[in-house]
Structures are given as C-alpha cells and as structure tokens.
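Here's a quick walk through one protein model, with an eye on how its helices pack and where its backbone does something unusual. Have the structure open while you read.

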Amino acid sequence: MGWRGAGGTTGRISGIIAAPMALEVGIVGLPNVGKSTLFNALTAAGALAANYPFATIEPNVGIVAVPDERLAVINSFQKTEKLLPAAIRIVDIAGIVRGASSGEGLGNKFLTHIREVDAILHVVRCFGGTDILHVEGSVDPIRDIETIDTELALADLETVTSSLDKAERLARTGDKEAIIKAELLKKAKVQLNQAKPLRELDLSADERKAIKSLGLITAKKVLYVANVDESDVLGEGPLTQKVRERAKVEGGVVVPVCGKLESELSELPEADRKEMLESMGLKEPALATLTRETYRLLGLQSYFTMGPKEIRAWTIPIGATAPQAAGVIHTDFEKGFIRADVFTLDDLKAHKTEAAIRAAGKLRSEGKSYVMKDGDIMHFHFNA
C-alpha cells in the first residue's frame, strides 16, 4: 500500500522527490557530562570521546532511527524486502562553559550550531565519582542547568537588544508591525535580563512564531537527559529527582539514561543486548525511550505505507493534512492529490489483508481536508 495515479494505476513520477524531514535536535551541556557518550550510543558512531573539555570542536551529526513496534506488526501481515523506520537528526554540539557567551571556552562558536537545531537535548550529570572530573569541581545538576540557561539567555539577550533597537527606530515612524514587534521584544528582554529562558514566557501562537523567526535559542523546546550511574538506571536517585522538579516547573520532560551502559549495549549483538537488558530488569535500552520522546518533543508523528518492496514510516508534523503527508513522499503527490485510502493497524490485525479490509467496508476514502492521525496506513491517489 503506497500510492496510485488517477484511475488506480501507478502514476508516472516526475519532479523532485521530497527529502525526509530534516528536523534536528542538538545535544548540549557542560563538558564531561556525557554528551558525546550519549551521541555515540545513539548513533553507534564508534569510540567514546576523550575525557577532557572541548573534545568536540565541530558538531557531529548522526541519523537516529525512531523505534516503532508497529513496523514489525505490519510486516507480520505484509511480507516485504525492507523495513524503513522514521528518523531524526542528532547534532553533538561542543561543550558550553561558564562565560561562553562572553568568549570563554569556544566562545560564540557553539551559538550558530544551537540556533540551527529545532529542539535541544540538555544532558545533565546525575552521577558522582571522581573518575570523570566535573568542570565546576563538584556535581550539582541544578547549578549546571542554570549555567547553561544563563549562557544561552545572555546570547539571546544580545540578539534581542539589537533587534529591539531596530524595531523601536522603525516604530517611531508609525510602522504598525514594528510597534507590535518592539512590544514583543521588550517582553523578551525583561525575561532574558533575569537569565530565564523564553520558552517559559506565556506567548500567543503568533508571538511564538515571531520569536522563532529570530532564531532565539532559549525559545526552543528542551528535553532533559539525566546521565545516571549504573546503580540507578531508572533515575530514582536524589540528583535526578532535582532535575525532574526543575523540569516540572517548565512543563518539561526528563529521561534518565546511563550513558556508560547504553554505550556498552550499542556495541553488543542483538541477542547479547537482549540478555543484558533482561538481567537488569529492563525491556529496552533507555535510548529507545529517549528517541521516542525526542520525536514527540519536535511535534512529530508517523504514518505508514506498506507493500512488497518496503514498509515505511513517514514523518509528518502533528496536524498535517493528507496532501501534506503525500508531499513528504513526493512533491507531485501533493500537487496532484485526489484522495487517500486509509485504514488502521487495528483494521489490519482484524482483517489480515487490504482486500479483506476493503470487503469489510473499513477502507476509508479521505479528501484534501483530512487531518492525519498517528499510525494511519495510507494509499494515495494522484494525478500524474
């Protein structure tokens, strides 16, 4: 099940195939909190980074598959040559230190990298020990979060101050858009002057859109990754609880991850990995949870196409319409969209085949206004 041209025949494809959604998340944190260990485990990128600050000078980029058990379920009813899960791009950004916004450490080199990502994974050290030195000399996750927030807020403050000066000059001419923009920037400046992130501001949808257009870092969504010790893989210790309390205030999410354990798991064959997880009472690596939560953080969902060549999860924003979903496969599909045949995984479980689903009257025909639901299985009809 995938796509058909008008009349139910396969349409000739012309034009440019739409690239997969290039949404990115950036991994940030102080040096030596486990950022690169996490990145390498997520992407199976190889050896761990050296144990010293500024090991990662330029950002590393990896593609991470989003774990989705539904692919295997579909595969149990439709034999295929390959399974293709959804994926997100992960960027490992150089460690940020106190004073980075004023030139300490790598200075402003990290700013461009963070401005370009769509959301942030903030890695916080929640394990003790002296084997890995902490850049501040002691382990305090809340202090570390505030250090990063302060540096990013100071960087944003510089951008907002510059933009505000321009907006106020234009506002004095009576320009209505400039007047509105200046008021928004004043609100943002007050927040940033308190070293508080803009994501905590109560903004309207239009105001958030305007803030986003400025590339402000602290307006981005954040997921906290508590890097925990092997003795606390569920993150039940006091350090992680502090991070949870902090995240709760922001309406954020915390995922505990033992970077050391996940790194070891990522290097094991599947059978050994499963055995190791079972021995620790775990169903799956914590990174699977982290990846799914990151997908949700970005406001994404998946729909599926199925056939003998491939079963594939396609990434779309929550709220996307059927034509927009078709356009992710190919630009021509959105332009020439006629309708979509849709059924659910429950329909497939109940009736086993597309033909049986159709015979049972469960195959729905949806038009241009249809809003996609997570897990829809689609067949698009379009004018070639």
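Start at glycine 281, just after helix H9, where phi is positive at about 75 degrees. Helices here are DSSP runs of H or I with at least four residues, strands are E runs of at least two, and both are numbered from the N terminus.

A word on where this comes from: the model is predicted, so local features need pLDDT of at least 70 and side-chain atom pairs count only at pLDDT 80 or more, while totals for chains, interfaces and linings use all residues. Residues are numbered from 1 along each chain as its sequence is written, and side-chain values use heavy atoms, with hydrogens and water left out.

**The whole protein**

The protein has 14 helices and 13 strands. Of its 384 residues, 48% count as buried, meaning under 20% relative accessible area (exposed is over 50%, partly exposed in between; 1.4 Å probe, protein chains only). About 18700 Å² is exposed, with carbon and sulfur atoms supplying 53% of it; those areas come from the Shrake-Rupley method with a 1.4 Å probe, and for residues only the protein chains shown count as cover. Take the contacts between residues at least 6 apart in sequence, and 70% of them join residues at least 24 apart. Contact means heavy atoms within 4.5 Å.

**Two helix pairs**

Two packed helices are described by the angle between their axes and the distance between the axes. Axes are lines fitted to C-alpha atoms, for helices over the stretch in contact, and angles run from 0 to 180 degrees between N-to-C directions.

| Pair | Residues | Angle | Axis distance |
|---|---|---|---|
| H4 and H5 | 141-171 and 176-193 | about 155 degrees | 9 Å |
| H8 and H9 | 259-266 and 270-279 | about 150 degrees | 9 Å |

H4 and H5 are therefore roughly antiparallel to each other. The cut-offs go like this: under 35 degrees is roughly parallel, over 145 roughly antiparallel, 65 to 115 roughly perpendicular and the rest oblique. The H4 contact residues include Leu157, Val160 and Leu164, and those of H5 include Ile179, Leu185 and Leu192. By type, the H4 and H5 contact residues come to 13 nonpolar, three polar and five charged. For that sorting, Ala, Val, Leu, Ile, Met, Phe, Trp, Tyr, Cys and Pro are nonpolar, Asp, Glu, Lys and Arg are charged, and the others, Gly among them, are polar.

H4 also holds arginine 169, which is partly exposed at 47% relative accessibility. Its C-alpha atom is 9.5 Å from that of isoleucine 179, ten residues apart along the chain.

H8 and H9 are roughly antiparallel too. Leu261, Glu264, Leu265 and Ser266 of H8 meet Arg273, Met276 and Leu277 of H9, giving four nonpolar, one polar and two charged residues. How many of the ten residues of H9 are buried? The number is one, so H9 lies largely in the open.

**Backbone oddities**

Most residues other than glycine have a negative phi. Alanine 195 has a positive one, near 60 degrees; this alanine sits in the loop between H5 and helix H6 (205-213) and is partly exposed, at 29% relative accessible area. Lysine 352 has a positive phi of about 75 degrees. You'll find lysine 352 in the loop between helix H13 (345-351) and helix H14 (354-359), partly exposed at 44% relative accessibility.
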